[in-house]
Amino acid sequence: METKYDVIALGELLIDFNQAALNDNGNYLYEAAAGGAPCNVLSMLQKLGRKTAFIGKVGKDSFGEYLKETIEDIGINTDNLLMTSAANTSLAFVSRNAYGDRCFQFYRDPGADMLLRKDEVIAANIAKSKIFHFGTLSFTSTDTKEATCYAVECAEEAGKLISFDPNIRINLWNDPQEARKAMDYGLKKCDILKISDEELFFQTGIRDQDEAMKILKATYEIPFICLTMGRNGSCAYYHDRKVQMNAFVQEKTVTGAGDTFMGCVLNFVLDHGLDGLEEEEIRQMLRFSSAAASIITTRYGALKVMPDQEEIQKYMKDVLTADVKRKLKSI
């Protein structure tokens, strides 16, 4: 079958209300932005010149209309984005705790994204893609879990690569064990995995990352794994190799960047495939992905403000130049 999309993703599309500032009266101001991990990944890929499509559901309300228009403007195909009157578009309020960590409060009980059904998934679109991407939030309702598993089956039958980012939001689960089961399913099915250090600990119960990764690799035999560790950088695990990269650390960050990183990883796989990868190629992928992620940590509303190739390359060059100057000054 003719390939129409580079990547097709299924999952949540929602409104992120980011805690941006305090007004003169001491009240918090929230900035509403299009969000949802799968579409964030697709947005990054669109900025890198890829063709993408989304499978999901939003409410037939002003927020849902805004989200549909937003991802269409970006270039993401919406043939399998449905609208429903049965529930409102899901909302997520994002704040920071005393340690500066992001905290999420979701309003989706249910939200429209939880109502996608198996019979609403267009299997032919999955067959026309190169990579199918998903996470665990679509496992928090029975209907969307069935739809997700069906989409994965379609991807498997069509011989497509499967990409998985757990993107665990533990407060959406009544039982943490159910979240682990959802992760287990994704880990069994994927060819490409992006997992955070906290998610690795959540699934294995082991803090030593190398030991935890040994167990993960032995259990699931995933061909290509990327581990993100925030300010501690990132690692890629490919066969018996481990490639590590330092983070591009920003002084002030306002959001996470795992979806941006994931989009860059999938862009690399689209260029190089998964066979015969060289260590230097992987290192350059990590560097590029980390630079893109660093840029996005300073911006609210990641879906609409992803960096393009030129901006990422310039950022890497500027950082390298600054590092050289610092080293020369210290001599």
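Modeller: A crossing of two helices is called left-handed if the near helix is turned anticlockwise from the far one by less than a right angle. The model shown above is predicted, and in this model α6 passes α7 in a left-handed crossing.

Colleague: Which residues make the contact of α6 with α7, and at what angle do the axes of the two helices cross?

Modeller: The axes of α6 (residues 197-204) and α7 (residues 209-220) come within 10 Å and cross at roughly 65°. From α6 the contact takes Asp197, Leu200, Gln203 and Thr204, while α7 contributes Gln209, Ala212, Met213, Leu216 and Tyr220.

Colleague: What makes the residues of this contact divide into nonpolar, polar and charged, and how many are there of each?

Modeller: They divide into five nonpolar, three polar and one charged. Leu200, Ala212, Met213, Leu216 and Tyr220 are nonpolar because Leu, Ala, Met and Tyr belong to that class, whereas Asp197 is charged because Asp does.

Colleague: Turning to the rings, how many aromatic pairs does a search of the whole structure find, and why is the pair of phenylalanine 132 and phenylalanine 134 called stacked?

Modeller: The search finds 13 aromatic pairs. For phenylalanine 132 and phenylalanine 134 the centres are 5.8 Å apart and the planes 20° apart; rings pair if their centres lie within 6.5 Å, and planes under 30 degrees apart count as stacked, so both conditions are met. Both of these phenylalanines are buried.

Colleague: Why, then, is the pair of phenylalanine 134 and phenylalanine 164 called tilted?

Modeller: Here the centres are 4.9 Å apart and the planes stand at 40°, and since stacked needs under 30 degrees and edge-to-face over 60, the pair is tilted. Phenylalanine 134 belongs to strand β8 (residues 129-134) and phenylalanine 164 to strand β9 (residues 161-164), so this pair ties together parts that are 30 residues apart in sequence.

Colleague: How do you know whether phenylalanine 134 and phenylalanine 164 are buried or exposed?

Modeller: Buried means under 20% relative accessible area. Phenylalanine 134 has 1% and therefore counts as buried, and phenylalanine 164, with 0%, is buried too. Elsewhere, Phe17, Tyr30, Phe63, Phe93 and Tyr107 form one aromatic cluster.

Colleague: What makes you say that the charged end of arginine 180 sits over the ring of phenylalanine 202?

Modeller: The charged end of arginine 180 lies 4.2 Å from the centre of that ring, where the distance cut-off is 6 Å, with a further condition of 35 degrees from the ring normal. Likewise, the charged end of arginine 207 sits over the ring of phenylalanine 201, at 3.7 Å from its centre.

Colleague: Why is helix α1 described as largely enclosed by the rest of the structure?

Modeller: Helix α1 (residues 37-47) has 11 residues, of which 10 are buried, so the description follows. Among the buried residues are Ala37, Cys39, Val41, Leu42, Met44 and Leu45, and also Asn40, Ser43 and Gln46. Just after α1, glycine 49 takes a positive phi of about 90°.

Colleague: Which residues have a positive phi although they are not a glycine, and why do they count as buried or exposed?

Modeller: One of them is asparagine 167, with a phi of about 45°, which is found in the loop between β9 and α5 (176-189); its relative accessibility is 12%, under the limit of 20%, so asparagine 167 counts as buried. Another is histidine 239, with a phi of about 55°, in the loop between β12 (234-238) and β13 (241-245); at 54%, over the limit of 50%, histidine 239 therefore counts as exposed.

Colleague: What makes the peptide bond from aspartate 109 to proline 110 cis?

Modeller: That bond is cis with omega near 0°, and proline 110 lies in the loop between β7 (102-107) and α3 (123-127).

Colleague: How do you know that phenylalanine 288 is buried, and which residues does phenylalanine 288 touch?

Modeller: Phenylalanine 288, in helix α9 (residues 279-296), has a relative accessible area of 11%, so under the 20% limit this residue is buried. Leaving aside residues up to four places away in sequence, phenylalanine 288 touches Leu48, Cys264, Gln309, Ile312, Gln313 and Met316. From phenylalanine 288 to methionine 316 the C-alpha to C-alpha distance is 7.7 Å, with their positions 28 residues apart in sequence.

Methods. Residues are numbered from 1 along each chain as its sequence is written. This is a predicted model: local features need pLDDT of at least 70, side-chain atom pairs count only at pLDDT 80 or more; totals for chains, interfaces and linings use all residues. Side-chain values use heavy atoms; hydrogens and water are left out. Axes are lines fitted to C-alpha atoms, for helices over the stretch in contact, and angles run from 0 to 180 degrees between N-to-C directions. Helices (H or I, at least four residues) and strands (E, at least two) are DSSP runs, numbered from the N terminus. Contact means heavy atoms within 4.5 Å. Rings of Phe, Tyr and Trp (its six-membered ring) pair if their centres lie within 6.5 Å; planes under 30 degrees apart count as stacked, over 60 as edge-to-face and the rest as tilted. Buried means under 20% relative accessible area, exposed over 50%, partly exposed in between (1.4 Å probe, protein chains only).
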